[in-house]
Amino acid sequence: MKIFLSAVSAQLKDCRDALASDLRAVGAEVVVQEDFQQHGRSLLEKLEQYIATCDRVIALVGDAYGWEPDEVARPAGFPRRSYSQWEYYLARGERLDGSRQPVKELYLYFASPEFIAAHAVQQSDDAAQLQQAFLTELRSSGKDWNPFSSLDQLRALVLRDGFRLQQRGPQPRNLPYLTIGDLFKGREAALEDLTAGFGPVPALAPVPAPVSKSAATPVVARVVNGMGGIGKTRLALEYAWRRADDYTALLFVGADSADSTGALQRNLAALCGHAILDLPEQRETDEARQRDAVVVWLRQHPGWLLILDNIDTEDDAAAVEALLPQLCGGHALLTSRLANWSGSIAALPLGVLSPEAATEFLLARTAAQRRKQADDPAVARTLAKELGRLALALEQAGAYIAQRRLGFARYLEEWQEQRDKVLAWFDPRLMQYPKSVAVTWQTSFERLGEPARRLLQRLAWLAPEPIPESLLDVPVPELDAAAADTFAALAELESYSLITRAADTPTFSVHRLVQEVTRRSQRDDPAHTALAEALRWVDAAFVGDPQDVRNWPVLDPLAPHARAVAAHADAAGLADPTTRLLNQTGLLLLAKAQYAEAEPLTRRALAIDEASFGADHPRVAIELNKPGLTAPGYQPPA
């Protein structure tokens, strides 16, 4: 059944939302005005279209007038009406163009004077008079207008009129964090994908035990997967809060803990507790019996949402895939760093926020406490890029700025000058995250096999731009190629969401903060082993005359990585083959007439060789004759 539920939110929102939840719980499609994002004439047109297709219209009416279309949006030839009044007239067969349409089944429920007194709304005298005139017309329409003074009385009236309602008891709920409301940016499409993927919530009628296979509604499972800190848990929680009225229970089970072994089963069994499901088995000492009691409860109480959070190990993934066939009558929302799942669990990969959403978040998160400047939007955009638009990093920066009452520019200075301190800063109460950026990927690193770990350590010295997969075909000089299956190592990194492979090109990328944390984990290696390997690796791949355009398809995608690894190697004092890579990259830029970018590279290569071999060495003379130092338009320093 399709129902339109009309009410002025300022006065009747709680009654309307409770009634909508009850009706949806028994399978009705219920739409309210706020479900349409349009305003003005567009909103009126949407209301007209939906009411024309619905089966029944329920109107809750009080003395509040509500919002009305402005003069530009108001249809010609009609008097002033609020949107809720328009909903009544559209149900009575009016159309915006003055023609008529079939009259809908219309049910009117009037708030009593006692109810109105307890829910008084401030409005202008003009609005009050317009609403009183509307109420007079309704009372003289011949329709039964059903006064109610409480939600329970309203529900009784709706039941009397032939609507099925599901009277629900208290909703079991153990969500760990509240919604962040308007701070939740850039994920509307993901929320819509989850809603569409789950479909309607299973009917709430209790299912007797044991549940027959024919009567059971199979569980619908979806997994949100992506790298640590991307915002998977927050997306799951916001989905739960936004659809809280649609579910009988909102249950959260985490698999992540200091000792993750068995955490999933232990936390699932803990749902028995007094504060959540309050099952008799809570007094059991056998964890398996408690877990089985929770499964039985889920089978017998359809309409639940179960969030299984941080399913990041193969053992936990296997346990979840074994659990789901035992469940029925609900929705299971998984979050995981793992990319590979069976065909029965549809995946929703989650990426970083868009530049716009990341910037908006930083501005909104710090609005009350940061030191504001005129260029805040531009600096926030720069900061968002520096942080790789990673949800955790943005929240950590926002909380840090707010706590210390900094400006964006000052935070950027601290980020560049004291990165260790900024990365490690963490306040779980302010951030509502369990880990800081500095440690969020540590468990994933520890689970990697040696080839995957070595590959990630090399990739950390490259640029955050896309890396061509063809680089993996190039053996690392002086490394045992037979012992390093780089494509298998890459697949392992992808399985933990530590790299992202492009869907349309043979490239992959590593998030800049994953690179940052990985580089910092190598600081105790005085030999710079991984950096030296990365340097030799890119140098071996950067082959061919850079001034020959036929080589550009190979060299162009490698150029940002050649510049990045050469800069890191130069800072670490690795001269060879740093000078060759700097020179070759400089020649490529010169061939493209990018003189300003080329000149510092070729000059730095010359300086390194002069320091290594002396000013009179033949190698230095060769470098002096290269076009990078005499490029057209180049002005030597004074």
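**Exercise 1. In what order do the 5 strands of the open sheet lie, and with what pairing?**

Solution. The structure is a predicted model. Begin with the order of the strands, which reads S2-S1-S3-S4-S5 in this open sheet, and then note that the pairing is parallel. Next, consider the ends of that order: strand S2 (29-31) and strand S5 (147-148) are the edge strands, each of them pairing on one side only. Finally, turn to one pair within the sheet, where strand S1 (residues 2-6) and strand S3 (residues 56-61) run parallel and are joined by 4 bridges; in S3, Arg 56 is the bridge partner of Ile 3.

**Exercise 2. Determine which residues of helix H12 are buried, and what they pack against**.

Solution. In helix H12 (residues 355-365), the buried residues are Ala 357, Ala 358, Thr 359, Phe 361, Leu 362 and Arg 365. The second step is to follow these buried residues of H12 to their packing partners, which are helix H13 (376-386), helix H14 (391-404), helix H15 (408-417) and helix H17 (428-431).

**Exercise 3. Locate Phe 542 and decide whether this residue is buried or exposed**.

Solution. First, Phe 542 is placed in the loop between helix H22 (529-541) and helix H23 (552-571). Second, its relative accessible area is 0%, and because buried means under 20%, Phe 542 counts as buried. Third, list the contacts, leaving out residues up to four places away in sequence: Phe 542 touches Leu 555, Leu 558, Ala 559, Ala 562, Arg 580, Leu 581, Gln 584, Thr 585 and Leu 588. For one of these, Ala 559, which is 17 residues from Phe 542 along the chain, the C-alpha atoms of the two residues are separated by 8.2 Å.

Definitions and conventions: Residues numbered from 1 in each chain as written. Predicted model: local features only at pLDDT ≥ 70, side-chain atom pairs only at ≥ 80, totals over all residues. Heavy atoms only, no water. Pairing = 2+ DSSP bridges. Helix = DSSP H or I, 4+ residues; strand = E, 2+ residues; numbered from the N terminus. Buried < 20%, exposed > 50% of the residue type's maximum accessible area, 1.4 Å probe, protein only. Contact = heavy atoms within 4.5 Å.
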